[in-house]
Amino acid sequence: MTDHLDETIDRLTDETPDGHLLAALDAVERSHSGDAPPAAAVMARIRASRSPLDGPAWSWARSLRLFMLLLGRQSRVVPWQVVPATLALMAFAGLGARFFAVGWGATVVSHAFCSMVLAGVLLSVTMALGDSRADMISSATPLGTGAVTLVRLVFILACDVMFGLMVTTVMGAQGYGTFGVLLVGWLSPLLLVAGVGAMLAIRFSSGVGFGVGLLLIIAIRLNPFGFASLADASRSGAAQSSGQLGLAVAGLMACVAAVALAGRLSGARMADATV
């Protein structure tokens, strides 16, 4: 192959009939070009011109407007079943807590309520981010999969927090627990559950993300391994603060990883589907 390329280059550069033919073609091209500048001048002008990529960076206001625009468009991309399913599970959390309040202590009621609220958060995140159709749409956008995943995750978590606050307020008003204890019980591990569920839903499916996320909720709230004390807001002092802070930091890292690796995870899932 290399010998063939060398022979071809030699034939084009040597004073052979082929070289004379190229020179004649070049002369005809110049005669028809008129006043057009030579190619070297055109390339020099292009290199000297300003590239659109060298423009000024976007202002924070413009970036915020774009973020809010994407946030509003998520209502058209996220499956419509997400909001009804989340509301139903949040309502079931309140009814389930009333059931555990009969003959059980306040600690059991708190763990059961917070576990079911976290299950509602997990359901909404995995349903929203486990849709392969939405993955193909986000991968085709010029912003990239990570940016679209971030906006979608913020949209879903904002809805979840709003629904959770409503249910927690009702539970606290009816005397089924202290509002602060119930709120911190599901709010501190929320990001951890959402981040882990999001990564698994993007890489595999909504079912895998929801199943593994439920195991994580059991490990955090229902205390089979002694981890429930991390999210227990009934403790006092430094132990309570450090446990809640540890869950929040771990959750933030999980969400950052889900956004940063969204493109690779989605690409691996689509590659597995094409095999």
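Ser 110 is buried in this predicted model. The relative accessible area of Ser 110 is 10%, and buried means under 20%, so this residue falls within that class. Ser 110 belongs to helix α6, which covers residues 106–129. Which residues touch Ser 110, once its neighbours within four places in sequence are left aside? The contacts are Val 181, Leu 182 and Arg 221.

A second buried position is Val 193. This residue sits in helix α10, made of residues 190–203. Val 193 has a relative accessibility of 0%, and because the limit for buried is under 20%, Val 193 counts as buried. Apart from neighbours within four places in sequence, Val 193 is in contact with Leu 118, Leu 122, Leu 216, Ile 217 and Ile 220. Another distance from Val 193 can be followed to Ala 254. Along the chain these two residues are 61 residues apart, and their C-alpha atoms are separated by 8.5 Å.

The surface offers another kind of example. Leu 22 is found in helix α2, which runs over residues 17–33. Is Leu 22 buried, exposed or partly exposed? With a relative accessible area of 37%, Leu 22 is partly exposed, because that class lies between the 20% limit for buried and the 50% limit for exposed. Leu 22 also takes part in a nonpolar patch on the surface, together with Leu 21 and Leu 25. The accessible area of Leu 21, Leu 22 and Leu 25 together is about 270 Å².

Next come the aromatic rings. How many aromatic pairs are counted? The count is zero. A charged residue does lie over a ring, however: Arg 203 is placed over the face of Phe 204, at 4.8 Å from the ring centre.

These details can now be set in the whole chain. The protein chain contains 13 helices and zero strands, and its pattern along the sequence is therefore written with the helix symbol α throughout, as α-α-α-α-α-α-α-α-α-α-α-α-α. The chain has 275 residues, of which 33% count as buried; Ser 110 and Val 193 are among the buried residues. The accessible surface of the chain comes to about 15,900 Å². Carbon and sulfur atoms hold 69% of that surface. Finally, consider the contacts in the chain with a separation of 6 or more: residues 24 or more positions apart account for 74% of these contacts.

Definitions and conventions
Residues numbered from 1 in each chain as written. Predicted model: local features only at pLDDT ≥ 70, side-chain atom pairs only at ≥ 80, totals over all residues. Heavy atoms only, no water. Patch = residues over 30% accessible without salt bridge, like charges linked within 9 Å, V, L, I, M, F, W, Y side chains within 5 Å. Areas by Shrake-Rupley, 256 points an atom, 1.4 Å probe, with all protein chains shown as cover. Salt bridge = Lys/Arg side-chain N within 4 Å of Asp/Glu carboxyl O. Helix = DSSP H or I, 4+ residues; strand = E, 2+ residues; numbered from the N terminus. Buried < 20%, exposed > 50% of the residue type's maximum accessible area, 1.4 Å probe, protein only. Phe/Tyr/Trp six-rings, centres within 6.5 Å; stacked < 30°, edge-to-face > 60°. Lys NZ or Arg CZ within 6 Å of the ring centre and 35° of its normal. Contact = heavy atoms within 4.5 Å.
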